[in-house]
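Here is a short tour for a first look. It starts with a sheet and then turns to charged side chains.

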Amino acid sequence: MSRFALVDCNNFYVSCERVFNPALEGRPVVVLSNNDGCAVARSNEAKALGITMGAPVFTLEAELRRHNVAVYSSNYALYGDMSRRVITTLGQMVPDLEVYSIDESFLDLTSFRKADVPELCRTMVVTVKRNTGIPVSVGVGPTKTLAKVAAGLAKKHPCLGGVCDVTDAVWRERALAATDVGKVWGVGRRYERFLKVRGINTALDLTRADGAMIQKRMGVNGTRLLSELTGTRCYPLEANPPVKKGVGVSRTFASGIEEQTALTEALSTYAERAAEKLRKEGLRAGIMEVYAMSNRFHRQNFYYNTKTVRFPAPTSDASELIKGALSAFEEIYKEDIPFKKLGLHMRELTLESQEQRLLFDTVDRTRSSALMKAVDAVNGTMGKRILGYASSGLSDPKTWRTRFNHKSPSYTTRWDELLRVS
DNA sequence: TCTGGGGTCCTAGGACCC
DNA sequence: TCTGGGGTCCTAGGACCC
């Protein structure tokens, strides 16, 4: 029988901030989304205050002040780097590892002896904490979905010491009974409501539900979910991440923007960023979809439009992407609309290594790829955006820049922001 | 006034083909 | 009265994840 572990970093963004600022220990802490818009990570103390995931900051302000909550903007460079450290540490203990998200990894423990698993998991908790400062919870079970259930309980009940194993049937049933159906992996808000209306309140209830009904409402994923919860593996460990199907870059502005120059500067920057992402993955895109919208919370006068550009040949050339993005935007831009969000999606991705050249191409691919390599090299060694395109904006101040008013230093990724010990 | 970003997969329905 | 049956491809929308 297969055995999986899920290692889940506790309140990951908050924990990263605490590693470099131990005074935050025991205090309520929240980390905010882009533009300092919503709470996206909360310490246990902040959760206890009733601060919910995704709550808009403007609804929390009084609460944050009253309880002296420490507030941080997202520091993606720091979190990304801390994530790599956690993954490296885990990889040294268990080689069969799938990086599931920035703060979660699945490990395949099938080849370990059952008797060794509890000790191994405890060692993981201690070692990751010692090497990185990040506290983690470990869940173990015969399927990924059950490992998730177990990790949820390990996090919720400190008396378990950060580890919960539901391999044995007795523990599994208890664990499922103690898990709200809405907390099950694959059950979101809609499905939760559907299930609870029908008296299915826990994960255990779900395992006893009518399979045909689940299949009808939740499709094949619902059927797989039932199998996984009852111990039949449907999802294998994916050690090698599959090739991406799409690459997107989008941003919401702190407030609505009407000025066309600012908007095209922003979009040009996103196109550059998208080209960079493509090149990093060794990919080229066949089409680009550009979209623009006004504030989606203002239901009256909501504006949304999108325009698709097809390239003559798959490309990751920044100037080609910028050109495409700006010409598409001209068709969806409207005066007098305060734009709140702009973005683009690259699709029909192909690997550079499987390139097909056009007989009559409008772009000199050899020159363009040499130029892009040079840009990547300079920006890689000398700092981001040393080299960039004029269309992405020479003017200051930039009304469209994302707001990060509470950001901590990039302690681990910038020499000038290293932690100082005095 | 203020409410993120980046993904994946599935399904239904229409167009089109033989 | 009666109006094939598959198959493929594409798109839009819905649901989920972190």
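Four strands make up an open sheet, in the order E9-E12-E10-E11, with antiparallel pairing. Strand E9 (247-257) and strand E11 (304-315) stand at the edges. Each of them has a single partner strand, so one side of each is left without a neighbour in the sheet. From one strand to the next, the twist averages 10°. Keep in mind that this is a predicted model.

Inside the sheet order, look at E10 and E12. Strand E10 covers residues 283-294, and strand E12 covers residues 339-351. The two run antiparallel and are joined by eleven bridges. Which residue of E12 does Ile287 face? Ile287 stands opposite Arg347.

A helix accompanies these strands. Helix H12 (residues 318-332) lies across E10, E11 and E12. Its direction is at about 150° to E11.

Now to the charged side chains. Side chains of opposite charge can pair when their charged atoms come close. How many salt bridges are counted here? The count comes to 19 salt bridges. Three of the pairs are set out below, each with its N to O distance.

| Acidic residue | Basic residue | N to O distance |
|---|---|---|
| Glu45 | Arg18 | 3.0 Å |
| Asp116 | Arg113 | 3.8 Å |
| Glu192 | Lys196 | 2.7 Å |

Take the pair of Glu45 and Arg18, which form a salt bridge. The pair links distant parts of the chain, 27 residues apart. Glu45 sits in helix H2 (residues 44-48), and Arg18 in helix H1 (residues 12-20). Is each partner buried or exposed? Glu45 counts as partly exposed, because its relative accessibility is 27%. Arg18 counts as buried, because its relative accessibility is 11%.

Asp116 and Arg113 meet through their side chains in another salt bridge. Asp116 is partly exposed, with a relative accessible area of 34%. Arg113 is exposed, at 58%.

The salt bridge of Glu192 and Lys196 has its closest N and O atoms 2.7 Å apart. Where do these two residues lie? Both belong to helix H8 (residues 189-197). They are four residues apart there, so about one helical turn separates them. Glu192 counts as partly exposed at 23% relative accessibility. Lys196 also counts as partly exposed, at 29%.

Some salt bridges share partners, and these join Arg18, Glu25 and Glu45 into one network.

Technical notes. Residues are numbered from 1 along each chain as its sequence is written. Chains are lettered from A and ligands numbered from 1 in the order in which they are written. This is a predicted model: local features need pLDDT of at least 70, side-chain atom pairs count only at pLDDT 80 or more; totals for chains, interfaces and linings use all residues. Side-chain values use heavy atoms; hydrogens and water are left out. A salt bridge is a side-chain nitrogen of Lys or Arg within 4 Å of a carboxyl oxygen of Asp or Glu. Buried means under 20% relative accessible area, exposed over 50%, partly exposed in between (1.4 Å probe, protein chains only). Two strands pair if DSSP finds at least two bridges between them. Axes are lines fitted to C-alpha atoms, for helices over the stretch in contact, and angles run from 0 to 180 degrees between N-to-C directions. Contact means heavy atoms within 4.5 Å.
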